[in-house]
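Please open the model in your viewer and keep the sequence panel beside it, since the tour below moves from one selection to the next.

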Amino acid sequence: MIIDKQLLLSDGQDLSQVAGTYLSTNTIDLTTAGTIPAAFQAVGNFPADLGRSMRHLELVVQVDETFTSGGAATLQVQVITDGDAALGSPTVIQSSDTIALATLVAGYRFRVAVPPGLAERYLGVQYVIGTATTTAGTCSAFLLCDGQTTVV
């Protein structure tokens, strides 16, 4: 799989944090000229209709470092949009299931579908750590267009 750096929302982001909500280190500006990722240049109607003519636009999240916790911490990942680059008052457009600590091991990867027709200018991710503080754990997250879904 080839990852477009312009579609990278988190790159080994440290999520060893107290229970709470944390924003991705990067955002994608869906309207700035010259920032249209190569994967989307031929799609048309970009950026206001991001994903409209694609079969599968997904957020891929990969655990880079195994999560640890003194309790039973959980993680949920949410795809968000906002009119402000700082993502100060985001709208959640899609969420993953809540993932238990035992599942959050290095190499674990999951996907969250991104619905078409995003209305706000900036796209990002927020990580929701629940139940307990995490003492270790990092994730990377990126958008993927029409990714491979079968193993050969």
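## Starting at a buried charge

Begin by selecting glutamate 58, which is buried, with a relative accessible area of 13%. Bear in mind throughout that this is a predicted model. Now add arginine 111 to the selection: its side chain and that of glutamate 58 meet in a salt bridge, with 2.9 Å from N to O. Because glutamate 58 lies in strand β4 and arginine 111 in strand β8, the pair ties together parts that are 53 residues apart in sequence. Arginine 111, for its part, is partly exposed, at a relative accessible area of 33%.

## The second salt bridge

A search of the whole structure finds two salt bridges, and to see the other one, select aspartate 29 and arginine 121, whose side chains meet at 2.8 Å, N to O. Aspartate 29 belongs to strand β3 (residues 28-29) while arginine 121 sits in the loop between β8 and β9, so this pair links parts 92 residues apart in sequence. Aspartate 29 counts as buried at 16% relative accessibility, whereas arginine 121 is partly exposed, with a relative accessible area of 34%.

## The whole chain

Next, zoom out and colour by secondary structure: the protein chain has 10 strands and zero helices. Of its 152 residues, 43% are buried. Among the contacts with a separation of 6 or more, 78% are between residues 24 or more positions apart. If you switch on the surface, about 7,500 Å² is exposed, and carbon and sulfur atoms supply 51% of that area.

## β4 and its partners

Return to β4 and show β8 beside it; the two pair in the antiparallel sense over five bridges, and within this pairing glutamine 62 has arginine 109 of β8 as its bridge partner. Side chains on β8 are worth displaying, as the strand has a covered face, made of Phe110 and Val112, and an uncovered one, made of Arg109, Arg111 and Ala113.

Then show β10, which runs antiparallel to β4 and is joined to it by 10 bridges; here leucine 57 stands opposite cysteine 145. Because 10 of the 12 residues of β10 are buried, this strand is largely enclosed by the rest of the structure. Strand β1 (residues 8-14) also pairs with β10 in the antiparallel sense, over four bridges, and leucine 8 has phenylalanine 142 as its bridge partner there.

Just outside that pairing, select lysine 5, in the segment before β1. Lysine 5 counts as exposed, at 73% relative accessibility. Its C-alpha atom is separated by 8.4 Å from that of phenylalanine 142, although the two residues are 137 residues apart along the chain.

## Into the core

Which residues have the most contacts inside the largest nonpolar core? Select Leu59, Phe67, Leu75, Val77, Tyr127 and Cys139, which hold that place in a core of 29 residues. Strands β4 (57-69), β5 (74-82), β8 (109-113), β9 (122-130) and β10 (134-145) each supply at least two residues of this core, and β4 gives the most, with five.

Finish by centring the view on leucine 59 and displaying what surrounds it. Leaving aside neighbours within four places in sequence, leucine 59 is in contact with residues including Leu9, Val77, Val79, Phe110, Val112, Val125, Ala141 and Phe142. Arg111, with which the tour began, is also among the contacts of leucine 59.

Terms used. Residues numbered from 1 in each chain as written. Predicted model: local features only at pLDDT ≥ 70, side-chain atom pairs only at ≥ 80, totals over all residues. Heavy atoms only, no water. Buried < 20%, exposed > 50% of the residue type's maximum accessible area, 1.4 Å probe, protein only. Contact = heavy atoms within 4.5 Å. Areas by Shrake-Rupley, 256 points an atom, 1.4 Å probe, with all protein chains shown as cover. Core = buried A, V, L, I, M, F, W, Y, C linked by side-chain atoms within 4.5 Å. Pairing = 2+ DSSP bridges. Salt bridge = Lys/Arg side-chain N within 4 Å of Asp/Glu carboxyl O.
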